[in-house]
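Please open the model in your viewer, with both the cartoon and the side chains available, and follow the stops below in order.

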Amino acid sequence: MKRLSVIVLVVTAFAQNVFAEEGAAPPPMMMPTYQMRAPLPEGDRLETTGSGEELFSNRCGSCHLPFGMGTNVLTVQRLALGEPPEMGLLTNREDLGAAYVKAVVRNGKVGMPRLNRVEVTDSELERIADFLGRGKP
Amino acid sequence: MKRVLPPNLTDREFDLALKAFAKVVGEDWVLASDQDRSTYADIYAPGPEDQWPPSGAIAPGSVAEVQEVVRIANRFKTPLWTVSRGKNLGYGAAAPRLPGALVLDLGRMNKVQHVDTELGYCVVEPGVSFFDLYEHLERMNANLMMSVPGNAWGSVMGNALDHGVGYTPYGLNARHICGMEVVMPDGGLMRTGMGAMEGNHSAHLFPFNYGPSWDQMFSQSNLGVVTSMGLWLMPQPETSLLLSMSVPNEEDIGWVIDTLTPLKIQGVIEQSIFVPSWLGKVVLMGTRKDFWDKPGRMPDWRVQEILKQNKLGFWTVGVRLYGDEAVVRAKADVVKRAFKRSTDIPMEESWWRQGEPVDVMDPSNGVPSAVALQMGDWVGGRSAHLGFSPVVPATSKHVLGQMRRSKKLIEDYDLDFYASFTIGGRFCNNINMLMYDRDDADGVRKVKALFDELIDVTRKAGYGEYRTHLNWMDPVAETFDFNDNAMTRYTEVIKDALDPNGILSPGKMGVWPAAYREHAQRGKHS
Ligand SMILES: Cc1cc2nc3c(=O)[nH]c(=O)nc-3n(C[C@H](O)[C@H](O)[C@H](O)COP(=O)(O)OP(=O)(O)OC[C@H]3O[C@@H](n4cnc5c(N)ncnc54)[C@H](O)[C@@H]3O)c2cc1C
């Protein structure tokens, strides 16, 4: 995962701009390729039995897997805070809590739109938030 | 978002309607809390979101449930606003044109019903996203290629039904719809094309009906709810080759179009060819303040500096050729020869061969990505955009005229110019991206006034839009003014005949049912 996340940074043109501004040589271009999401777990989405990890991959993966738009934007934000680029991946973060994740999903944040309960059910969100929050409330 | 009732309904009546819907879809799929309403609002709204407020959303899980929901909506007179995934960002997202309409969210119906690898088509339900279909095709090794929009977060169906644009040879998405199943405004069910015959084997192959054809009647439409749709898919080519170059000057778009259009019409180039201006590249490189930290449009000298620093031209030309290597090679030579007549700039070649990884940042590869949404970060704050999207003939005369006209106006309003021309055949879709910070009330006012004026001057010059945001559905409909807007009047006669209660998507593309016609914003702008 870490290796991939560095590639994310390297491939996105705007990240190159970050390097340029810091005066470092721009890294070589690498191709951002498609990251398959986990399938949506079978069964009743209102009482999902899927794991937080697979639900995160399927419900949030269009933006938050490597090469996703959310990952790209967060990578730049994390770099600006002096953190390593892999912190652009939500799955690498240790500072998230479940309540925060839920609030961002339903209320949106900056470029992230609010997600409705068809996109992510409350039951799915519980598990995703628990997974990203690593058990923290 | 607080509750806004559908027109003419009391709280009690509305609650009764919600109860009736809940009996059909289950309480959990009636989404009518304040938070639910906010999640269906237009997050890119030019102005307050509550200008286009939904009263809530209903999410049926089957065709039978859709039919029952439509019948109940007729009974309680609760207008429905149909979306497949509702990611129509820049055009209103999932929000309804009529305040208080209930969003009919079909996102739960997300099965890829069928893929035919031999004849190259799929049958999808509304909630199938571009990512879902891509992964489905990959997992079954279908060897078929999709046509994807820049923002591929949405649905295959909603995009095609809204006349969405992709960048492969199948880029005119609505053209590749074949055979639909549709819930009628009275809750009845019909199938179009050969599929109108029970068990017909050609339901998604032959593009016409026996008799008048209806498939296109349900696109950009409020005459039915599409519950499944056949869509042709292109066979995965053996190779593809991207020929690219940057052309330095604004006016170069003229000869670029005159070079590309004949090749497109002859079939040498098969794809819908996307030609973006420089800002299309730069929005993905950071935020505006990284490049220019003052309000108002970037001065020309700074633009030139940015282009130089980033080795960009004013326009980027990227032509992708698809097929067997020998054929692609031969076509590439034809394309290069054609460009040679106007420029010495070499075309860069970048080959792709089956089995190699595919660059997701380039939608001409047919691989879904939502990376284009990063431009939502450009302006800063809660940034958003609108697309002003006229259709122009694909010749230098019309394209240069359109470019100069809109550029001048956009710059008169002190905004940065960002346009693209996509050659889809004998025409171009010209998208002018107007970006703003939603919390900057003055900026939003300015963009709205600009949009009004763009519609007017573009109409006066003889062009109309192919698609627009909720706020301008009526003014744009009015620009189609032949014989006292005969076309809209005709559609409204059909609308009233099929949907006497006016419950399906009132106001979509300026088509209003009698029941709500007083809500039309005719003769006035934003
Ligand atoms: C940065 C950016 C880039 C974009 N690039 C492109 C692009 O390249 N090409 C492009 O086309 N768009 C583009 N878009 C616009 C938009 O995001 C996409 O078109 C998106 O696919 C639309 O959302 P959706 O598929 O969820 O459609 P929906 O919102 O579900 O549907 C769109 C409309 O179609 C009708 N409709 C939907 N489903 C049904 C149904 N079942 N029955 C009857 N009517 C129905 C409704 O009127 C609905 O409002 C872009 C947007 C952004 C922000």
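Begin by selecting Pro60(B), which in this predicted model sits in the loop that runs between β2 (56–58) and α3 (63–76) of chain B. With the surface switched on, you should find that Pro60(B) counts as buried, because its relative accessibility is 0%. Keep Pro60(B) selected and add Gly26(B), which lies 34 residues away along the chain, and the distance between the two C-alpha atoms will read 8.7 Å.

Next, go to the surface and select Asp44(A), Glu47(A), Glu27(B) and Asp28(B) together, since these residues gather there in a patch of negative charge. Within that group, centre the view on Glu47(A), whose place is in the loop between α2 (13–22) and α3 (52–64) of chain A. Glu47(A) is exposed, with a relative accessible area of 61%.

Finally, turn to the cysteines. How many disulfides does a search of the whole structure find? The search gives zero over all chains, and two residues let you check this for yourself.

- Select Cys63(A), which counts as buried at 13% relative accessibility, and measure from its sulfur to the closest cysteine sulfur, in Cys60(A): the separation is 9.2 Å, too far for a bond, given that a disulfide needs the two sulfur atoms within 2.5 Å.
- Then select Cys178(B), which is likewise buried, at 0% relative accessibility; the closest cysteine sulfur belongs to Cys122(B) and is 11 Å away, so that no bond can be assigned there either, the distance being too far.

Methods
Residues numbered from 1 in each chain as written. Chains lettered and ligands numbered in written order. Predicted model: local features only at pLDDT ≥ 70, side-chain atom pairs only at ≥ 80, totals over all residues. Heavy atoms only, no water. Patch = residues over 30% accessible without salt bridge, like charges linked within 9 Å, V, L, I, M, F, W, Y side chains within 5 Å. Areas by Shrake-Rupley, 256 points an atom, 1.4 Å probe, with all protein chains shown as cover. Salt bridge = Lys/Arg side-chain N within 4 Å of Asp/Glu carboxyl O. Lys, Arg positive; Asp, Glu negative; His and termini not counted. Charge placed at Lys NZ, Arg CZ, Asp CG, Glu CD. Helix = DSSP H or I, 4+ residues; strand = E, 2+ residues; numbered from the N terminus. Buried < 20%, exposed > 50% of the residue type's maximum accessible area, 1.4 Å probe, protein only.
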